[in-house]
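The following exercises concern the helices and a metal site of one protein model. Each task is followed by a worked solution.

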Amino acid sequence: MSDIHLDRVDAEAGNLASPSDYIALLKPRVMSLVVFTALVGMMMAPGGIHPVLGFTALLCIAVGAGASGALNMWYDADIDAIMKRTSGRPIPSGRVTKGEALAFGLTLAAFSVTLLALFVNLVAGLLLAFTIFFYVVIYSMWLKRWTPQNIVIGGAAGAFPPVVGWASVTGSVSFESIVLFLMIFMWTPPHFWALAMFKSDDYRRAGIPMLPVVSGLAETRRQILLYSLILAPIGVLPTILGFASFAYGVAASVLGLAFVILAIRVYRMKDSDQAMLPAKRLFAFSILYLFLLFAMLLVERCISLIGWAV
Ligand code: HEM
Ligand SMILES: CC(C)=CCC/C(C)=C/CC/C(C)=C/COP(=O)(O)OP(=O)(O)O
């Protein structure tokens with residue numbers, strides 16, 4: 001029987017997809033922070049945008065991010081079925097066929113890019129298209145299965161959303177939006193490798209060359225600390241470069257110090273440490289860290305807009 005026929009047999013065996021399965025294809029929890037960073041990029045851009053256009057732009061970025069998640073799950077269906085962490089996802093569990101996920105992702109990608117390009121501006125539309133392409137083709141189809149540096153380069157896909165948000169307002173890429181890109185780009189390796197440390201058996205079973213699988217836990221711990229030491233000062237760049245307040249700089253410095261302290265605790269872990277609490281703590285803190293940095297930038301921007309309006 002053909003793959004598609006088998007897929008259909010699975011789906012008709014009582015595993016029919018529900019709307020929540022299609023929502024799961026969008027990776028909503030991961031993408032929520034991605035879209036938040038895009039909102040901050042949009043709000044920090046000079047000049048402002050009509051609320052309707054701003055909402056449309058954010059909707060397109062959210063739908064585009066979801067589309068990239070669905071296309072990532074379509075392509076990764078084989079390894080997702082092998083890894084415990086992902087085996088319950090809609091495609092490996094037979095609730096959605098690969099063909100349905102592919103059609104769903106392509107439709108959402110085409111819709112979001114076209115709407116953003118026509119309703120907001122072409123530069124933002126092209127940047128969104130490139131981000132989707134980078135995540136689905138460059139990262140998921142090529143880097144992820146080829147090199148232990150997969151998430152370092154692939155991390156660029158996750159760092160583009162604030163650049164797309166900024167371009168939605170200005171129609172261009174600026175030095176400040178590149179700084180926002182850098183903050184996420186340098187954040188991604190410690191964010192992900194902390195997780196990969198306690199999920200390395202999954203990746204080994206799936207044959208994915210993640211750093212802990214290829215170079216071992218000691219090298220992974222070393223690189224987590226290295227990237228964390230680079231990330232901490234980059235988080236303070238908005239103040240250093242004059243587009244955030246001194247108060248933001250102090251808070252970002254404290255958060256960066258906390259990030260480095262957690263990374264040092266990971267670095268000091270023993271290979272025999274099965275619980276891997278320091279790695280789990282760093283992974284959880286990495287999400288809070290990025291959210292707090294971008295939330296502080298957003299609050300500052302809103303205060304300045306209100307102050308300007310009053
Ligand atoms: C190549 C870059 C990235 C990789 C390889 C990566 C990898 C992962 C993985 C494997 C998970 C666990 C997800 C799960 O088990 O369902 C995760 C969780 C998460 N990631 Fe990342 N991530 C990346 C970039 C980002 C970016 C750019 C953001 C946001 C700006 C982000 C935000 C999150 C959030 C919020 C979670 C927690 C989701 C949950 O609680 O289920 N990630 N990441
Ligand atoms: C606007 C737009 C297109 C935004 C996309 C932003 C983006 C690329 C975020 C990265 C999210 C992520 C979990 C990557 C890991 O994929 P994985 O396949 O390594 O993770 P998995 O194993 O959990 O599927």
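**Exercise 1.** Determine how many residues of helix 4 are buried, and compare the length of helix 4 with its expected span.

*Solution.* Helix 4 is mostly covered, with 18 of its 25 residues buried; buried means under 20% relative accessible area, exposed over 50%, partly exposed in between (1.4 Å probe, protein chains only). Helices are DSSP runs (H or I, at least four residues), numbered from the N terminus. From first to last C-alpha, helix 4 reaches 36 Å, close to the 36 Å expected at 1.5 Å a residue; the expected span is 1.5 Å times one less than the number of residues.

The model is predicted: local features need pLDDT of at least 70 and side-chain atom pairs pLDDT 80 or more, whereas totals for chains, interfaces and linings use all residues. Residues are numbered from 1 along each chain as its sequence is written, chains are lettered from A and ligands numbered from 1 in the order in which they are written, and side-chain values use heavy atoms, leaving out hydrogens and water.

**Exercise 2.** Establish where the buried residues of helix 6 lie around its axis.

*Solution.* Step 1: the buried residues are Ala101, Gly105, Leu108, Ala109, Ser112, Val113, Leu116 and Ala117. Step 2: they cover an arc of only 145° around the axis (taken from the directions from the axis to the C-beta atoms), which puts them on the same side of helix 6. Step 3: an α-helix has 3.6 residues a turn, so residues three or four places apart point the same way. Step 4: the face turned away from the buried side carries the exposed residues Thr107, Leu118 and Phe119. Step 5: the cover of the buried residues includes helix 2, helix 4, helix 7 and helix 9, with contact meaning heavy atoms within 4.5 Å.

**Exercise 3.** Locate the kink in helix 7 and identify the residue that caps its N-terminal end.

*Solution.* Helix 7 (residues 122-142) has a kink of about 35° centred on Phe134; the bend at a residue is the angle between axes fitted to the seven residues ending there and the seven starting there. Phe134 is among the buried residues of helix 7. The cap is Asn121, with a side-chain oxygen 3.2 Å from the backbone nitrogen of Val123.

**Exercise 4.** Which protein atom is the donor to the iron atom of ligand 1?

*Solution.* The only protein donor is NE2 of His191, at 2.2 Å; donors are N, O and S atoms within 2.8 Å of the metal (3.2 Å for Na, K and Ca), and with water not among the atoms, sites may look incomplete. His191 belongs to helix 10 (residues 175-198).

Notes. Helices (H or I, at least four residues) and strands (E, at least two) are DSSP runs, numbered from the N terminus. A polar contact is a pair of N or O atoms within 3.5 Å; within protein, one must be able to donate a hydrogen and the other to accept it, and residues adjacent in sequence count only if both atoms are side-chain atoms.
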